[in-house]
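Dear colleague,

I am passing on the structure we spoke about, and below it I have set out what came out of going through it. Please read the notes with the structure open beside them.

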Amino acid sequence: MNYRYSGHDAFPCRYTWLPKAVRGLEANEELFSDEDAAMVALGVGKNMVKSIRFWTDAAEISSEKKNGAGLSVSEFGNQLFGNRGHDPFLEDIQTLWLIHWKFSTNVDQPLFAWHYMLNFWHRPDFTRAETIITLSQEAKRLGKLLSDITLDHHFTTFLHTYVPTRGKKGEVQEDNLDCPLTELKLIEKIGERTHADSNRRESIYAFRVEEKPEISPELFAYCLDDYWSKWHANEKTLSFREVAIGEGSPGQVFKLPEQAVRDRLEHIESNSAGAFIYQESAALQQVIRNKVTSQRNLIGKIYQGKV
């Protein structure tokens, strides 16, 4: 895999960035080709222009034009943030989970910390120090010799995407208010401990592994379809374990307990308009792709009936 370790300039994605990028690209497909013009159009500094470009790509909001002349807004980006988009001001929790899904499941250029932490960190908790050591070892295994600064910035960006930074009195610092995925509470600070080498106190974090009823059945159905197309495009069936704990699966990316995945699969036929069927017996637990359905329709169902 061609992992991405940098490019975000240590800025987590902020609330206004993706909607702004969509509006900017709709007006000018070469928006990111001229940094000075982009700074004016987006109202940010040069480093933030680069970061917005990075997150726009990571969220699959934009795609390169075939002739190489600029970027176009993807169908996914238009559905969410376009003129008639479902959530142009990023107000729906479903949209935040969708963005988390996109950040975490890019197959061609996965974000290194996202991919490793969501799929291969199997302990319930972690600290900054031990995680950076582990990520460094994994990068070396992959043949990448990354500097301590690069790894620290990359992990910090991952962490601050989900955990707000708090000041001395517990208030959320202003520069992190614009990181929308902190609302998901996917990662929580659960305590502190003394670091064995430095003798300093360090925070302990943990993924929130719970049922997460805020992830709607329709959103789960879309992500199952997206996972299937990215990782198992030629398969007619998937085992329950692949959906629950497979690399890049809904169960792993959303940190759902296996029982929560099973409960959702038991209703997947009605929630996907018959696109998927779940079969369970003493010997076999599997999902069948019953028919091909458009991702556009599946996204539409997520927002159906919402004003």
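**Enclosed space**

By the rule applied here, the count comes to one cavity of 30 Å³ or more. Please keep in mind throughout that this is a predicted model. The largest cavity holds about 50 Å³ of space, and its lining is made up of Cys 13, Arg 14, Leu 18, Leu 90, Ile 99, Phe 103, Thr 161, Cys 179, Pro 180 and Leu 181. By class, that lining divides into eight nonpolar residues, one polar and one charged. Leu 18, one of the residues lining the cavity, is also listed among the buried residues of helix α1.

**The two pockets**

In the largest pocket there is about 520 Å³ of space. Its lining consists of 21 residues, of which Val 163, Pro 164, Thr 165, Lys 189 and Tyr 205 are the closest to the centre. Two helices, α7 (128–141) and α8 (148–162), and two strands, β4 (187–194) and β5 (201–207), each supply at least two residues of this lining. Sorted by class, the lining of the largest pocket contains seven nonpolar, five polar and nine charged residues.

The second largest pocket has about 330 Å³ of space, and of the 15 residues that line it, the closest to its centre are Asp 57, Glu 60, Ser 62, Asn 106 and Asp 108. The elements that give two or more residues to this lining are β1 and α9 (217–231), and α9 gives the most, with three residues. Here the division by class is three nonpolar, six polar and six charged residues.

**The chain as a whole**

The secondary structure of the protein chain comes to 14 helices and eight strands. For 307 residues, a compact globule would have a radius of gyration near 19 Å, and the 20 Å found for this chain agrees with that. Taken along the principal axes, the C-alpha atoms fill a box of roughly 55 × 50 × 40 Å. Of the 307 residues, 50% count as buried, while the accessible surface of the chain comes to about 15,100 Å², of which 47% belongs to carbon and sulfur atoms. Among the contacts with a separation of 6 or more, 61% are between residues 24 or more positions apart.

**Two helices and what covers them**

Helix α1 (residues 17–27) has as its buried residues Trp 17, Leu 18, Pro 19, Ala 21, Val 22, Gly 24 and Leu 25. An α-helix has 3.6 residues a turn, so residues three or four places apart point the same way. The cover over the buried residues of α1 includes the helices α2 (35–42), α3 (46–58), α4 (75–81) and α5 (93–104), together with the strands β1 (62–64) and β2 (71–73).

Further along the chain, the buried residues of helix α12 (residues 258–265) are Ala 260, Val 261, Arg 262, Arg 264 and Leu 265. What covers them includes α9, α10 (240–245), α11 (250–253) and α13 (268–271), as well as the strands β7 (276–280) and β8 (285–289).

**Two lysines to look at**

Most residues other than glycine have a negative phi. Lys 212, although not a glycine, has a positive phi of about 60°, and Lys 255, also not a glycine, has a positive phi of about 55°.

Lys 212 is found in the loop between β5 and α9, and it counts as buried because its relative accessible area is 1%, where the cut-off is under 20%. Leaving aside its neighbours within four places in sequence, Lys 212 is in contact with Trp 97, Leu 186, Phe 254, Lys 255, Leu 256 and Arg 264. The C-alpha atoms of Lys 212 and Leu 186, which lie 26 residues apart along the chain, are separated by 9.7 Å. Arg 264, another of the contacts of Lys 212, is one of the buried residues of α12.

Lys 255 has its place in the loop between α11 and α12, and with a relative accessible area of 9% this residue is buried as well. The two lysines with positive phi are thus in contact with each other.

With best regards

Technical notes: Residues are numbered from 1 along each chain as its sequence is written. This is a predicted model: local features need pLDDT of at least 70, side-chain atom pairs count only at pLDDT 80 or more; totals for chains, interfaces and linings use all residues. Side-chain values use heavy atoms; hydrogens and water are left out. Buried means under 20% relative accessible area, exposed over 50%, partly exposed in between (1.4 Å probe, protein chains only). Helices (H or I, at least four residues) and strands (E, at least two) are DSSP runs, numbered from the N terminus. Contact means heavy atoms within 4.5 Å. On a 1 Å grid over the protein atoms alone, a cavity is a set of points where a 1.4 Å probe fits but cannot get out, and a pocket is an open set with protein on both sides within 12 Å along at least five of seven lines; lining residues have an atom within 4 Å of a point. Grid points are joined across faces, edges and corners, and a volume is the space filled by probe spheres set on the points. Ala, Val, Leu, Ile, Met, Phe, Trp, Tyr, Cys and Pro count as nonpolar, Asp, Glu, Lys and Arg as charged, and the others, Gly among them, as polar. The radius of gyration is taken over C-alpha atoms; the globule rule is 2.2 Å times the number of residues to the power 0.38. Accessible areas come from the Shrake-Rupley method with a 1.4 Å probe; for residues, only the protein chains shown count as cover.
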